[in-house]
Structures are given as C-alpha cells and as structure tokens.
Amino acid sequence: MNTVINILETAKNTLLSESESIKKLINYLTLDFEKAVEAIYNCNGRIIVTGIGKSALIGAKIVATFNSTGTPSIYMHAAEAMHGDLGLIQPGDCIICISNSGNSPEIKVLAPILKRHGNKLIAITANENSFLAKSSDYILLSKVDREAEQNNLAPMNSTTAQLVLGDALAACLIQMRQFTAEDFAMYHPGGALGKKLLLLVRNILKSENKPSVSPESTIQDVIVEISEKRLGVTAVVEDDKLIGIITDGDLRRMLQKSANLNEYKAKDIMSINPKSIDSNEHVSKALSILEDNSITQLLVTENNKYVGVIHLHDILKEGIV
C-alpha cells in the first residue's frame, strides 16, 4: 500500500510541477512572440522546425500541429542538417530552432548557417544569453525553475514548456488564418475524426428503405409499413411534404386506449412537427439531435421533401462515436 501511495504522490507532484512551469511561461511572453507569429504568418515559404535530442521530438510534434492547421511545415533534425538536410532550407523559409540550453555543439555550428539565405530565425530556448538566442531574430523563452523528477536531470518541465509554446504559436496562427472546422476537416479526412467532420447524412442514407404513409392510411397499413421497413417508425407524408411521424410506441399507446384499429387513421395517432434533418447536414449534427432528444431515428429531408430515415445504428456503424 505504501508503494501505491508513493507512486500516486510522485505522479501528482510531477503534474503539479509541470503545470506550474506552464503557468509561469506567461511571464516570459514578450513582443518577440508577437513578431514571431507575424513572421510565420507572412512567411512566403515553409516553416522549418529543427532541434536536437528531446527538443527534436518536440519539434516534430509542432510540425504535425502546424501542418494540420494550415501552416505548411517541415521537420529537420539538427544532426542530419549537418549531413545534407540543410538543402531543405530555401530562401523565404522561416526557421524555428529548439534548444533548452541554446549552447549545444550542434546548435552552435548550425545556427549561423540557418540564416544564410536571409531566413528569419526563431529560437525556443530557456537561455536568453545563449549562442542560439543571440543568433536569432526572435526569442521565445521556455525557461523553467527545475525538472519534475527528483534528480532535476531528465527533460520534463523544459520539454513541456517548449511544447506549449509551439501550441501557443499554432493557436495564434489558427486565429489569424480564420481557420475553421471545415478547413480542419480537409486535413483530416481519414479515421473517426475525418468522418465526424466530413460525413454527410446523405452519404449514409438508405433512400430505398423509406417508410411512409399518407394521413388517411389505415392503422393496418401503418403497421405493415413499419414492420416491412424495420426502422421502428414511418413518416406521414402528403404531397412529398413531411407532416408527421408514427413510431411503434405510438401504436402501442393507441392499442392501450382501443383495440379497434378501424377507429383510427394515420393522422389520428401521428406526432406533428417531427425531428428532422436536411440530407446535406453533417452526420455529427444528426447524432447531436438524436442524443439531445433521446431518440434513435431521425427523419431526413432534401429541398423540404421527405427522403428517408437515418437510424442511430447507421451512425454507430461508421465508427464516429
């Protein structure tokens, strides 16, 4: 039990230490950050992000975030840069170099070369007096008091600080580019996220299975239609216009009142103003309507005409939940 308590205590202290480091970064934001964002936004080329060691891994994540939010970027490992990858850098590119100390041997060799085409250089470093900082146009300080682990050696708080500064850059660029959810979807067409952002109701609608009855239909006709289409509902349609819905629950409630089916027509037991959605809306919106109203079927219209039913199971099959 003591071991479990110590493990949990260490985990909590690590999270608290890193969160405090992130909070203190606010104090290090200067006009350089604003100018760096503007330089990236106005860059005519690509954003080259480089670093060494753990900082290189953070750089790769920043590149992934930039690329997915409308800022074309390339990752270049600092060591590989010295063996040919410097050819990636072209005039007009903007460069972000990440190094906690800013004084590693690789960075000292690399920093002056990075600006050979007059490229703007942005440093993410904890040392404003470092070689990297003095070689850069803009300095983003990722200074932390200490690392989270007991020996104060393994990069934890420092790499977290670098990471969140990259996120802050990306967030500012998203706002400046007026980058929308639709734009985001274009960069994420695959997987559950892509489906959630791109899939339309009409893409999964089975229009051939379109239960419908007229207002004057008999209850027997209603029962047959619901049974044959096996969706648990039928739309009530007049002149292609959706005017109501009948569910199997409506039928049960009717039978509790009277066993004489001849007493009723479809119009007598239908619910008016049924929940519906246009076929060109996103499936994610259909799911929200289903969840908000605790229902499993949703009627679909197109150009104000009834075209079918979408069922919760249809959405679940697509794996977007």
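## Sheets, helices and cores of a two-domain model

Four strands make up an open sheet of mixed pairing, arranged in the order β6-β7-β8-β9. The structure that holds this sheet is a predicted model, and the description below follows the model from its sheets to its cores. At the edges of the sheet stand β6 (212-213) and β9 (271-272), and each of these two strands pairs on one side only. Strand β7 (residues 233-238) runs parallel to β6, and two bridges join the pair. One place to look for this pairing is S212, whose bridge partner in β7 is A235. Helix α12 (residues 248-257) packs on the sheet, where it touches β8 (241-247) and β9. The direction of α12 makes about 60° with that of β8. For a reader new to sheets, it helps to recall that strands of a sheet pair through backbone hydrogen bonds, either parallel or antiparallel.

A second helix can be followed from here. In α11 (residues 219-229), the buried residues are I219, V222, E225, I226 and K229. Because these buried residues fall within an arc of 120° when seen down the axis of α11, they line one face of the helix. Their packing partners are β6, β7, β8, α12 and α13 (266-269). After α11 comes R230, with a positive phi near 55°.

The loop between β7 and β8 holds D239. Is D239 buried or exposed? Its relative accessibility is 69%, so D239 counts as exposed, the cut-off for that word being over 50%. The distance from D239 to D167 is also worth a look: the two residues are 72 apart in sequence, and their C-alpha atoms are 54 Å apart in space.

The chain as a whole is divided by its domain assignment into domain 1 (7-179) and domain 2 (198-318). Between the C-alpha centres of domain 1 and domain 2 there are 54 Å.

Another open sheet has three strands, in the order β10-β11-β12, again with mixed pairing. Why does one side of β10 and of β12 have no neighbour in the sheet? Both strands stand at the edges and each has a single partner strand, so one side of each is left free of a neighbour there. On average, and with direction ignored, neighbouring strands of this sheet are turned by 35° against each other. β10 and β11 run parallel and are joined by three bridges. To see one residue pair in this sheet, find D278, whose bridge partner in β11 is T301.

Helix α14 (residues 283-293) comes next. Its buried residues are V283, A286, L287, I289 and L290. They lie on the same side of α14 because they cover an arc of only 160° around the axis. E291 and D292, on the other side of α14, are exposed. The buried residues of α14 pack against several elements: α10 (201-204), β10 (276-278), β11 (297-302), β12 (305-311) and α15 (312-317).

Just after α14 comes S294, with a positive phi of about 50°. Most residues other than glycine have a negative phi, and most peptide bonds are trans. S294 is a residue other than glycine, yet its phi is positive. This serine is found in the loop between α14 and β11, and at 69% relative accessibility S294 counts as exposed. N152 is not a glycine either, and its phi is positive at about 60°. The loop between β5 and α7 is where N152 is found. With a relative accessibility of 34%, N152 counts as partly exposed.

The nonpolar cores complete the picture. The largest nonpolar core has 26 residues, and those with the most contacts inside it are I40, I47, F66, I96, I122, L140 and L169. Two or more residues of this core come from each of α2 (31-41), β1 (47-51), α3 (54-68), β3 (94-98), β4 (120-125), β5 (138-141) and α7 (157-176). Which residues does I96 contact, leaving aside its neighbours within four places in sequence? They are I40, I47, I48, V49, T50, F66, I122, I124 and L169. Apart from the largest core lies another core, of 16 residues, including L86, I89, I95 and A111.

Terms used
Residues numbered from 1 in each chain as written. Predicted model: local features only at pLDDT ≥ 70, side-chain atom pairs only at ≥ 80, totals over all residues. Heavy atoms only, no water. Core = buried A, V, L, I, M, F, W, Y, C linked by side-chain atoms within 4.5 Å. Buried < 20%, exposed > 50% of the residue type's maximum accessible area, 1.4 Å probe, protein only. Contact = heavy atoms within 4.5 Å. Arc of directions from axis to C-beta. Domains from an automatic or database assignment. Pairing = 2+ DSSP bridges. Axes fitted to C-alpha atoms, helices over the stretch in contact; angles between N-to-C directions.
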